[in-house]
Amino acid sequence: MVTTPTVGTAPARPPEVRAGAAPTALRALGVFAAVRGAGVLVVALGAWWCGRDPLRVLGGSWDSVWYLGIASHGYGRTQMWATGSIQSDHAFFPLYPLLVRLAGGTSLAALAVAWAAAALAAVGVYRVGEHLLGARAGVLLVALWASLPHAVVLTLGYTEALLTALAAWALYALLRGHWRAATGLAVLAGLTRPTGIAVAAAVTAMAVRELLRGRGTPRVWAAALLAPAGWAAYVLAVGAHRHDPFGYFAVQRQWGSRFDFGAGTLASVEKVLTGGNVPFATTVAVAVLATAGLLAAGLVLDRTPLPLLAYTGTLLLITFGGAGFFESKPRFLLPAFPLLLPLAAVMARARPRTAVVVTACLAGLSYGYGVYLLLVAHVPP
């Protein structure tokens, strides 16, 4: 009888499988490129149909405008609205706009950086899945991740692809015991976006466990102390600029973002469940969050390794507990690819034809919703 390994255990692979790891990783990258490349084509055709510039839609809308401004002119832009709201570009972390600036500072450069990061993320996601579940499940994990409802964001001038790349490779490094690599990637993730602190949480949780077991080597101590350094450095820098140690959090409040322990999330869920007049994007967001909660329970029951639990748990805590931009919450969970591990394990046991059909159906829904988000809905993706 053939058994499929659970998420919490790495499969015993023969030497010939390890020798073919690189071609299998390329297959995973090809699957991602096919799924998301088709998504880009659908968005481009939709943009042309609506008389809009596809390059502007993909690389120069919503948050992309802020990133391009930082890349071209540095920090210092403040947007004042008639409602009295004041929004500062200090809400955006510096790594992605720095890379865009180095690449040329244009919309095309922003897309090039995001797409390169998405490719690195796809291979990293595959490596984590392959390490825990085997090569086939690793490819399916990438396919599922590329087919999420908000996966169109992975091909926009946004930071989710970059954070996922850094997180996936950091988690893979932790699973293999490479502390230096994991710590360095955690520092970079902390400079990418606010939720980058989740990568540091994974490194720190793993380090604390090692310390409690009496394995306090210098590398472990360094990991525990340095992993949050990138995130903390930017938060402190904004505080110093505004002459307020909590200045960064004041900036976020001006954007309408704060931690309210889930009160705002529960209010939005109540509106949807009671038949309130809410946008379609709000209904989808509620469905995605509910699904994420169920998948998180599956991770816990499946004995998922500690770093993946710490990373995913921190992302869920920030997403569910934060207020503001409710329709964007599913986007915040795009880097939480470990949530898909139980589904990848199930699909790996199914017939290949079934896995292909499921992936194709999910991708088709993702394409339609991506067009809706970018060309129809009047809310940020």
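**Exercise 1. Work out what share of the protein's contacts between residues at least 6 apart in sequence join residues at least 24 apart.**

*Solution.* Start with the term: a contact means heavy atoms within 4.5 Å. Next, take the contacts between residues at least 6 apart in sequence; 76% of them join residues at least 24 apart.

Two notes before we go on. This is a predicted model, where local features need pLDDT of at least 70 and side-chain atom pairs count only at pLDDT 80 or more, while totals for chains, interfaces and linings use all residues. Residues are numbered from 1 along each chain as its sequence is written, and side-chain values use heavy atoms, with hydrogens and water left out.

**Exercise 2. Decide how the radius of gyration of the protein compares with the globule rule.**

*Solution.* First, list the parts: the secondary structure comes to 19 helices and 4 strands (DSSP runs numbered from the N terminus, with helices being H or I of at least four residues and strands E of at least two). The radius of gyration is 20 Å, close to the 21 Å that the globule rule gives for 381 residues, so the protein is as compact as a globular protein of that length. Here the radius is taken over C-alpha atoms, and the rule is 2.2 Å times the number of residues to the power 0.38. Finally, the C-alpha trace spans about 65 × 50 × 45 Å along its principal axes.

**Exercise 3. Check the span of helix α19 against the expected value, then find its buried residues.**

*Solution.* The expected span is 1.5 Å times one less than the number of residues. For the 25 residues of α19 this gives 36 Å, and the end C-alpha atoms are 35 Å apart, which agrees. Now look for buried residues (under 20% relative accessible area; exposed is over 50%, partly exposed in between; 1.4 Å probe, protein chains only). In α19 they include Ala 355, Tyr 367, Gly 370 and Leu 375. Helix α19 (352-376) also helps to cover the buried residues of α15, among them Val 284, Leu 289 and Leu 299.

**Exercise 4. Is His 90 buried or exposed, and which residues does it contact?**

*Solution.* Begin by finding His 90 in the loop between β2 (86-88) and α5 (95-103). Its relative accessible area is 11%, so His 90 is buried. Leaving aside neighbours within four places in sequence, its contacts are Tyr 75, Tyr 234, Val 238, His 241, Tyr 248 and Val 251. For contrast, try Leu 45 in helix α2 (residues 21-49): with 48%, Leu 45 is partly exposed.
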